[in-house]
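Please explain how this chain is arranged, beginning with the pairing of its strands and proceeding to its core, its loops and its aromatic side chains.

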Amino acid sequence: MALDLSDGGKHVRTRDGREVKIYNTEGGGSKPIHGAIWYSDSEWIQQAWWLDGRACYVGENQFDLIPYTPTETWLIDVPA
């Protein structure tokens, strides 16, 4: 089953929670989803995925794409 990237990949992260930038969803070859993963404090690494978001041929991988729902954090100012 193909991963829904109709929002340009804005609502996907890696399985281990890393930020992802999707550049192309129509790339050639067996991994048509192309993008980058925020790998460390200052570095993006290039990555490609199968249509279902898998990064590896077998099993689960930390770089698999998974959908997520963004949440907002509200700070409530309570008088002392």
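The following paragraphs lead through the strands, the core, the loops and the aromatic contacts in turn. The model is predicted.

The strand pairing provides a frame for the rest. Strand 2, covering residues 20-24, is paired with strand 3, covering residues 33-40, in the antiparallel sense, and four bridges connect them. Within this pairing, isoleucine 22 has glycine 35 of strand 3 as its bridge partner. On to the next pairing: strand 3 also pairs with strand 4, residues 43-49, again in the antiparallel sense and over seven bridges. A hairpin of two residues makes the connection from strand 3 to strand 4. Two of the bridges can be located by residue: histidine 34 is partnered with alanine 48 of strand 4, and alanine 36 is partnered with glutamine 46 of strand 4.

Glutamine 47 belongs to strand 4. Is glutamine 47 buried or exposed? Its relative accessibility is 16%, and because buried means under 20%, glutamine 47 counts as buried. Beyond its neighbours within four places in sequence, glutamine 47 is in contact with Ile33, His34, Gly35, Ala36 and Ile37, and also with Ala55 and Phe63.

The nonpolar core comes next. In soluble globular proteins, nonpolar side chains tend to be buried together. The largest nonpolar core here has 11 residues: Leu3, Leu5, Val12, Val20, Ile22, Ile33, Ile37, Trp49, Ala55, Phe63 and Leu65. At least two residues of this core come from strand 2, and at least two from strand 3. Ala55, one of the core residues, touches Lys31, Gln47, Ala48, Trp49, Trp50, Asn61, Phe63 and Asp64, with residues up to four places away in sequence left out of the count.

Asparagine 61, which appears among the contacts of alanine 55, lies in the loop between strand 4 and strand 5, the latter covering residues 65-67. What does the side chain of asparagine 61 reach? It extends to the backbone nitrogen of phenylalanine 63, at 2.7 Å. Not counting residues up to four places away in sequence, asparagine 61 touches Arg15, Ala55 and Cys56.

The loop between strand 2 and strand 3 contains both threonine 25 and proline 32. Threonine 25 has a relative accessible area of 36% and is therefore partly exposed, whereas proline 32, with a relative accessible area of 11%, is buried. Once residues up to four places away in sequence are set aside, threonine 25 touches Leu5, Pro32 and Ile33. On the same basis, proline 32 touches Asn24, Thr25, Glu26 and Gly27, together with Trp49, Trp50 and Leu51. Two distances place this loop against other parts of the chain. Threonine 25 and leucine 3 are 22 residues apart along the chain, and their C-alpha atoms are separated by 10 Å. Proline 32 and glycine 53 are 21 residues apart in sequence, with a C-alpha to C-alpha distance of 9.9 Å.

Proline 67 is located in strand 5. Its relative accessible area is 60%, so proline 67 is exposed. Although their positions lie 55 residues apart in the count along the chain, the C-alpha atoms of proline 67 and valine 12 are separated by 4.4 Å. Outside its neighbours within four places in sequence, proline 67 is in contact with Leu3, His11 and Val12. Two of these, Leu3 and Val12, are listed in the largest nonpolar core.

The aromatic side chains complete the account. How many aromatic pairs does a search of the whole structure find? The search finds three. Among them is the pair of tryptophan 50 and tyrosine 57, whose centres are 6.4 Å apart and whose planes make an angle of 50°, a tilted arrangement. The two partners stand in contrast: tryptophan 50 counts as buried because its relative accessibility is 18%, while tyrosine 57 counts as exposed because its relative accessibility is 68%. Tryptophan 50 also takes part in a further arrangement, in which the charged end of arginine 54 sits over its ring at 4.8 Å from the ring centre. Trp50 is in addition one of the residues touched by alanine 55 and by proline 32.

Definitions and conventions: Residues numbered from 1 in each chain as written. Predicted model: local features only at pLDDT ≥ 70, side-chain atom pairs only at ≥ 80, totals over all residues. Heavy atoms only, no water. Phe/Tyr/Trp six-rings, centres within 6.5 Å; stacked < 30°, edge-to-face > 60°. Buried < 20%, exposed > 50% of the residue type's maximum accessible area, 1.4 Å probe, protein only. Lys NZ or Arg CZ within 6 Å of the ring centre and 35° of its normal. Pairing = 2+ DSSP bridges. Polar contact = N/O pair within 3.5 Å; in protein donor to acceptor, adjacent residues only side chain to side chain. Contact = heavy atoms within 4.5 Å. Core = buried A, V, L, I, M, F, W, Y, C linked by side-chain atoms within 4.5 Å.
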